[in-house]
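Let's take a walk through this protein, starting from the whole and working down to a few side chains. Have the structure open and follow along.

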Amino acid sequence: MKGSIRATVKVAGFQKERRFTPGTSQRIIKSWKADTESKLRKRHKQPERQFARDTLAGDAERYYPLIKHLADWVTRRSEIRAWLPFLGPKHRHLIVREDVLRIRGKWLHPSDGKTRPVTPKTVNNRVSALRDLYQKLDGDDSPTPCDGVKPLMTVKEPPRMIEAAVIQEVVATLAARAAGGHMHARQDRARLMVLATTGKRPCELERAVPEDVDLRRRVWLTRDAKGGFSPGVYLNEEMVAAWQAFIDADAWGPFPAHFPRRLRDAGWPDGVRPYNLRHSTWIEASERGADLADIQAGAGHRSMTTTRRHYVPVLASRMQRLSERLNGRFGWQPARTSKKESA
């Protein structure tokens, strides 16, 4: 069927596929996927893995339900599962700091010559996830084998601002494509609009359900993403317009894997993730004089340090005032460029 929407469900090595007519609602497709997955699981039931209680593998099964409220809980689960081939059968309270350091070294410097090294950022995330498992199961003040394990140095790239004109250009291009019959352009445009106006993480928007958004009261109740806190978003006029476009496009659910590529095709800058919309929003809020504590709450950060490090720009900050105090020591002046030369 030309232009049809293909939906596929895979369970335990078995696969079922169905094609839907163009324009079919995402809710109908998701409902079919959920029903089909349930039937496949019943038909091809796999024996449940049994883990001894108090081993890391066994306690990991107790940990997963405690993080399912997080938008990125699947990523957190993957980070825990990375430890299981090494420490899974071991009694959790017999795991020590030396074990963590030894395994961290294996990830950074594989000895088989075939496995690619794990990036320092990913290793740090895995250590943080293991620490969180202990704290969730034993209490925040309980000792963990990650205590005293210093984070690895990572390359920090400064947040890149995306100008409003660039975003408007991409939105206009997607709108024109949607009018021309491009199936996904309407949804891509709506997702971009919500991310650009609210400054929320893509995973928070992916996790949103219709009940979370009340356009009459102008409220979006966002769900936890990384364990931080968000009081929700009051929707200004632009945010309401973005959400109206999102609801009309039925853009709910996970973003397709090729969402970034389609944005680039519409004029989005190369090498810049859609996540940078978040940076742009909160840096702009800071430059417009928003209180740092309000930015922390809006961004959903647990720590003010994170907000200060990533979302408070050099402009309109103490760093700007420091630089201005040092000005005039040498009497140098920048070259004045004429309008003709700059053109």
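How many salt bridges does a search of the whole structure find? The search turns up 15. Keep in mind that this is a predicted model, and that the distances and areas below are computed from it. We'll come back to some of those salt bridges after a look at the overall build.

The protein has 16 helices and 5 strands. Of its 343 residues, 38% are buried. The accessible surface adds up to about 21600 Å², and carbon and sulfur atoms own 51% of that. As for how the chain meets itself, take the contacts with a separation of 6 or more: 60% of them link residues 24 or more positions apart.

Now zoom in on a pair of helices. Helix α2 covers residues 56-63 and helix α6 covers residues 120-138. The two pack with their axes 10 Å apart, at an angle of about 75°. That angle falls in the range from 65 to 115 degrees, so α2 counts as roughly perpendicular to α6. On the α2 side, the residues that meet α6 are L56, D59, A60, R62 and Y63. Their counterparts in α6 are A129, L130, D132, L133, K136 and L137. Sorted by class, this contact has 7 nonpolar residues, 4 charged ones and no polar ones.

Some of the charged residues there bring us back to salt bridges. In α2, D59 pairs with R62, with the closest N and O atoms 3.0 Å apart. The two sit 3 residues apart in that helix, about one turn. Are the two partners buried or exposed? D59 is buried because its relative accessibility is 0%, with the cut-off for buried at under 20%. R62 has a relative accessible area of 31%, so it is partly exposed.

Over in α6, the side chains of D132 and K136 form a salt bridge too, at 2.9 Å from N to O. Here the spacing is 4 residues in the helix, so D132 and K136 are separated by about one helical turn. D132 is buried because its relative accessible area is 12%, while K136, at 38%, counts as partly exposed. Salt bridges with shared partners also tie D59, R62, R92 and D138 together into one network.

Another pair to look at is D99 and R102, which form a salt bridge with the closest N and O atoms 3.3 Å apart. Both belong to helix α5, residues 97-108, and because they are 3 residues apart there, about one helical turn separates them. D99 is buried at 8% relative accessibility. R102 has a relative accessible area of 41%, so it is partly exposed.

Last stop: a glycine in a loop. Where is G199 found? Look between α8 (185-198) and α9 (202-207), in the loop that joins them. Is G199 buried or exposed? G199 counts as buried because its relative accessibility is 0%. Which residues is G199 in contact with, once its neighbours within four places in sequence are set aside? The list is V194, R278, T281 and W282. For a sense of how the chain folds back here, compare G199 with L277: the two are 78 residues apart in sequence, and their C-alpha atoms are 6.4 Å apart in space.

How values were computed:
Residues are numbered from 1 along each chain as its sequence is written. This is a predicted model: local features need pLDDT of at least 70, side-chain atom pairs count only at pLDDT 80 or more; totals for chains, interfaces and linings use all residues. Side-chain values use heavy atoms; hydrogens and water are left out. Buried means under 20% relative accessible area, exposed over 50%, partly exposed in between (1.4 Å probe, protein chains only). Contact means heavy atoms within 4.5 Å. Accessible areas come from the Shrake-Rupley method with a 1.4 Å probe; for residues, only the protein chains shown count as cover. Axes are lines fitted to C-alpha atoms, for helices over the stretch in contact, and angles run from 0 to 180 degrees between N-to-C directions. Angles under 35 degrees count as roughly parallel, over 145 as roughly antiparallel, 65 to 115 as roughly perpendicular and the rest as oblique. Ala, Val, Leu, Ile, Met, Phe, Trp, Tyr, Cys and Pro count as nonpolar, Asp, Glu, Lys and Arg as charged, and the others, Gly among them, as polar. A salt bridge is a side-chain nitrogen of Lys or Arg within 4 Å of a carboxyl oxygen of Asp or Glu.
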